[in-house]
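The exercises that follow are meant to be worked through slowly, with the sequence and the 3D view side by side. Try each task before reading its solution.

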Amino acid sequence: MKATNVRAKAAEVLLAVMDKGQSLSEALPNAQKQISSKDHALLQEMCFGAIRLFPRFDAITNQLLSKKMKGKQRVFHHLIIIGLYQIEEMRIPEHASVAETVQAAVALKASGLKGLINACLRNYMRNKDAILKKINNDVVEYCHPNWFIKRIQAAYPTQWQAILANNLKRSPMWLRVHTNNCALDQFVSELKQHEIGCTQPLPSETAILLDKPMPVEKIPGFEQGWFTVQDGAAQHAALLLEPKDGDVILDACAAPGGKTLHILDMAETSVTAADIDESRLDRVRENLARLGETASVICGDLTLSQTIGDREFDRILLDAPCSATGVIRRHPDIKWLRRSEDIDNLATVQKQILQTLWGKLKPGGTLLYATCSILPSENVDLMREFLASTDNAELSLIDHPLNQSESAENPGWQIFPGEHNMDGFYYCRIKKQQ
């Protein structure tokens with residue numbers, strides 16, 4: 001039987017993600033099902049934090065162990081990491097962090113390793129400065145893989161350190177008020193009545209930034225469809241698409257449906273939400289039902305013209321599959337699960353989908369290309385190439401107060417992680433000539 005001790009469970013999650021390549025969004029919920037609900041937040045904090053800072057604690061653990069743990073013993077390597085994370089990053093007294101981590105070894109059916117784990121953690125507390133001096137390199141300092149550090153350094157020579165630092169921060173919680181169901185003033189008033197602190201820091205009036213993240217069920221109006229959880233950067237998609245009443249619109253790669261709902265909130269339109277993943281389309285359907293909206297839902301490969309059929313659209317939102325390197329603070333496992341060679345493969349898929357959907361756009365129509373990536377090969381380089389090679393494509397500059405750098409030579413709006421508290425995102429708007 002697997003352990004139900006929260007620290008033992010955290011070590012198992014680290015093993016699943018860091019050694020076996022499982023995503024955190026898959027491993028963590030499975031682990032939470034096996035422990036008391038009162039420990040869910042503690043487990044989440046340990047797993048997110050330890051994965052966010054993994055190279056630092058991994059290197060320390062390697063210094064503490066005289067012999068590397070292999071095979072079935074790897075879970076205890078990760079258990080020591082969980083112990084170190086508590087000592088360094090959590091408000092748990094050191095003696096309690098050590099004692100509870102040692103007890104987790106019992107839960108993992110390895111009482112014989114209690115002494116080793118206890119000795120490692122106490123050795124670290126006694127000799128911290130000397131141990132840290134031995135593990136000084138870029139990967140440990142910035143807690144990102146070397147290939148990623150080099151790509152960001154090359155792309156953004158004056159901003160790369162700030163980008164990496166922001167990736168290590170905890171993500172904020174943004175809401176978008178769904179004004180078809182609740183007026184903005186009413187929603188803000190409800191938040192105040194429930195003593196939920198918030199601000200409206202973006203030009204978009206419907207974007208709400210909470211002072212502290214909280215369970216969505218505790219926010220007034222969730223079941224009534226008054227709002228949807230959506231990052232501030234993602235909320236620009238529908239705004240930049242500029243839907244008008246009567247438009248026929250395609251939301252390509254639509255799951256989980258936040259952008260589809262925003263389009264439907266802005267105008268009386270006919271929206272088709274398409275995605276390749278049927279299970280993720282279930283989230284689209286659930287969100288449409290919760291907010292009382294209607295859209296046509298299609299499952300299929302958007303690199304293939306037949307997926308969409310003969311339909312043509314006035315506007316297309318292409319939120320292309322990407323490296324997701326702009327949302328690492330929300331998904332810290334991304335930086336460990338991605339490989340450098342993935343990026344070129346993703347760019348190939350992005351080009352294929354863009355070419356296919358361009359053929360589905362009516363003359364005079366608008367296509368908004370978007371990714372949650374900060375890598376130029378998926379964004380500005382790709383769009384520069386597309387515009388140069390497509391005779392009837394014309395850049396439509398994004399007139400937004402936060403977009404100061406776009407030009408014909410530098411198409412699109414690149415938002416960096418943490419900029420105005422938003423996720424990293426890229427937008428480029430193009431028009432199809434008549």
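## Exercise 1: The overall build

Task: describe the secondary structure, the size and the packing of the protein.

Solution. The protein has 18 helices and twelve strands, and one should keep in mind from the start that the model is predicted. Turning to its dimensions, the radius of gyration is 24 Å, close to the 22 Å that the globule rule gives for 434 residues, so the protein is as compact as a globular protein of that length. Along the principal axes, the C-alpha atoms fill a box of roughly 75 × 50 × 40 Å. As for packing, 55% of the 434 residues count as buried, and of the contacts with a separation of 6 or more, 70% are between residues 24 or more positions apart. The accessible surface comes to about 19,400 Å², and carbon and sulfur atoms account for 48% of that surface.

## Exercise 2: Strand 8 and its neighbours

Task: find out which strands are joined to strand 8, and in which direction they run, parallel or antiparallel.

Solution. Begin with strand 8 itself, which spans residues 313–319 and is mostly covered, since six of its seven residues are buried. Next, look at strand 5 (residues 248–252), which runs parallel to strand 8 and is joined to it by four bridges; leucine 250, for example, has isoleucine 316 of strand 8 as its bridge partner. Then look at strand 9, which is also parallel to strand 8, with six bridges joining the two. Here aspartate 319 stands opposite alanine 370 of strand 9.

## Exercise 3: The annotated cysteine

Task: locate the residue that UniProt lists for "active site", and decide whether cysteine 372 is buried or exposed.

Solution. The residue named in the UniProt record, an unreviewed entry, is Cys372. In the model, cysteine 372 is placed in the loop between strand 9 (361–371) and helix 18 (380–389). Its relative accessible area is 17%, and because buried means under 20%, cysteine 372 counts as buried. Leaving aside residues up to four places away in sequence, cysteine 372 touches Cys322, Ala324, Thr325, Gly326, Val327, Gly424 and Phe425.

## Exercise 4: Pairs of aromatic rings

Task: classify the pair of tyrosine 142 and tryptophan 160, and then the pair of phenylalanine 187 and phenylalanine 227.

Solution. A pair of aromatic rings is described by the distance of the centres and the angle of the planes. The count of aromatic pairs comes to ten. For tyrosine 142 and tryptophan 160, the centres are 5.1 Å apart and the planes stand at 70°, so this pair is edge-to-face. Since tyrosine 142 lies in helix 9 (residues 138–142) and tryptophan 160 in helix 11 (residues 160–167), the pair ties together parts that are 18 residues apart in sequence. Both rings belong to buried residues, tyrosine 142 having a relative accessible area of 14% and tryptophan 160 one of 13%.

Phenylalanine 187 and phenylalanine 227 form a tilted pair, with 5.4 Å from centre to centre and 40° between the planes. This pair links distant parts of the chain, as phenylalanine 187 is in helix 12 (residues 184–193) and phenylalanine 227 in strand 4 (residues 227–229), 40 residues apart. Phenylalanine 187 is buried at 0% relative accessibility, and phenylalanine 227 is likewise buried, with a relative accessible area of 0%. Finally, Phe187 and Phe227 form one aromatic cluster together with Phe222.

Note on methods:
Residues numbered from 1 in each chain as written. Predicted model: local features only at pLDDT ≥ 70, side-chain atom pairs only at ≥ 80, totals over all residues. Heavy atoms only, no water. UniProt positions renumbered as here; feature names shortened; annotations may be inferred. Buried < 20%, exposed > 50% of the residue type's maximum accessible area, 1.4 Å probe, protein only. Contact = heavy atoms within 4.5 Å. Phe/Tyr/Trp six-rings, centres within 6.5 Å; stacked < 30°, edge-to-face > 60°. Rg over C-alpha atoms; globule rule 2.2 N^0.38 Å. Areas by Shrake-Rupley, 256 points an atom, 1.4 Å probe, with all protein chains shown as cover. Pairing = 2+ DSSP bridges.
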